[in-house]
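Work through these exercises with the model in view. Try each task before you read its solution.

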Amino acid sequence: WFWMGCTQPGDVHLAALGEAEERVEAGMDFLEQWDVDSVAACRERVAMRFKDLAWLMADTTLTFSVDDGQLIGDWARVRRYLKDGPTRLTMLKKQGTLSLAQMGNLSDAIQQGATEDANGTPMDEAYFDKQAARELKAAEQWGLAVAETERLISLGIELEAATRASIDSLIRVKRAEWAATLSNENGS
């Protein structure tokens, strides 16, 4: 650093802020791997299957096995996992950008020896302690939210891919049963 030997209020927080910025940047890179549109498309596929299932289950003449029920339960979990996925991804990207900006501004203020913030509040050691603690906690909470979002979206997408053929098959079979029941009723 260019002021070697001189310490200014807030200097003790620069390393932690720098590390937190690196973690948020890594989280932002990770979020970029998720395409909001593909998550939304997956969610839409699930919603369409549930419309079909709701329509088929409304017909009391159709029966569903325990295995059918477990498969439908898997799809209910997919729907839950992906429920707010696209919205969360968008929100986390915005929050990550804001977090980086705020930590960067705080680090800059410390390095430049700022003595007053934009509101005229004195920027002393107590100020920097409070602000650094706030920004570090926000970055940590954001990281936890990214990890949880990644977990839910991964679970949802993997389960949807693993069970899509089975649910499509179930829907085809139940449509055929429904059609056969209808033709028997009309034919007799």
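Helices (H or I, at least four residues) and strands (E, at least two) are DSSP runs, numbered from the N terminus. The model is predicted: local features need pLDDT of at least 70, side-chain atom pairs count only at pLDDT 80 or more, and totals for chains, interfaces and linings use all residues. Residues are numbered from 1 along each chain as its sequence is written, and side-chain values use heavy atoms, with hydrogens and water left out.

**Exercise 1. The fold**

Task: count the helices and strands of the chain, and write down their pattern.

Solution. Step one: count. The chain has five helices and zero strands. Step two: read along the sequence. The pattern is α-α-α-α-α.

**Exercise 2. The overall shape**

Task: set the radius of gyration of the chain against that of a compact globule.

Solution. Step one: fix the rule. The radius is taken over C-alpha atoms, and the globule rule is 2.2 Å times the number of residues to the power 0.38. Step two: apply it. For 188 residues, a compact globule would come near 16 Å, but this chain has 27 Å. Step three: look at the box. Along the principal axes, the C-alpha atoms fill roughly 95 × 30 × 25 Å.

**Exercise 3. Contacts along the chain**

Task: find what share of the contacts between residues at least 6 apart in sequence join residues at least 24 apart.

Solution. Step one: define the term. A contact means heavy atoms within 4.5 Å. Step two: read off the share. It is 88%.

**Exercise 4. Three arginines**

Task: sort Arg-77, Arg-49 and Arg-23 into buried, partly exposed or exposed.

Solution. Step one: set the cut-offs. Buried means under 20% relative accessible area, exposed over 50%, and partly exposed in between (1.4 Å probe, protein chains only).

Step two: take Arg-77, in helix 3 (residues 66-82). Its relative accessible area is 31%, so Arg-77 is partly exposed. Arg-77 and Glu-160 are 83 residues apart in sequence, yet their C-alpha atoms are 9.3 Å apart in space.

Step three: take Arg-49, in helix 2 (residues 36-58). Its value is 14%, so Arg-49 is buried. Leaving out residues up to four places away in sequence, Arg-49 touches Trp-75, Arg-164, Ile-167, Asp-168 and Ile-171.

Step four: take Arg-23, in helix 1 (residues 14-32). Its value is 55%, so Arg-23 is exposed. Arg-23 and Lys-83 are 60 residues apart along the chain, and 26 Å separates their C-alpha atoms.

**Exercise 5. Helix 5**

Task: place Gln-131 and find how far Gln-131 lies from Glu-177.

Solution. Step one: Gln-131 sits in helix 5 (residues 125-187). Step two: with a relative accessible area of 13%, Gln-131 is buried. Step three: Gln-131 and Glu-177 are 46 residues apart along the chain, and their C-alpha atoms are separated by 65 Å.

**Exercise 6. An aromatic pair**

Task: classify the pair formed by Tyr-127 and Phe-128.

Solution. Step one: set the rule. Rings of Phe, Tyr and Trp (its six-membered ring) pair if their centres lie within 6.5 Å; planes under 30 degrees apart count as stacked, over 60 as edge-to-face and the rest as tilted. Step two: count. The rule gives two aromatic pairs. Step three: classify. Tyr-127 and Phe-128 are 5.5 Å apart, centre to centre, with 85° between the planes, which makes the pair edge-to-face. Step four: check burial. Tyr-127 is buried at 15% relative accessible area, and Phe-128 is buried at 1%.
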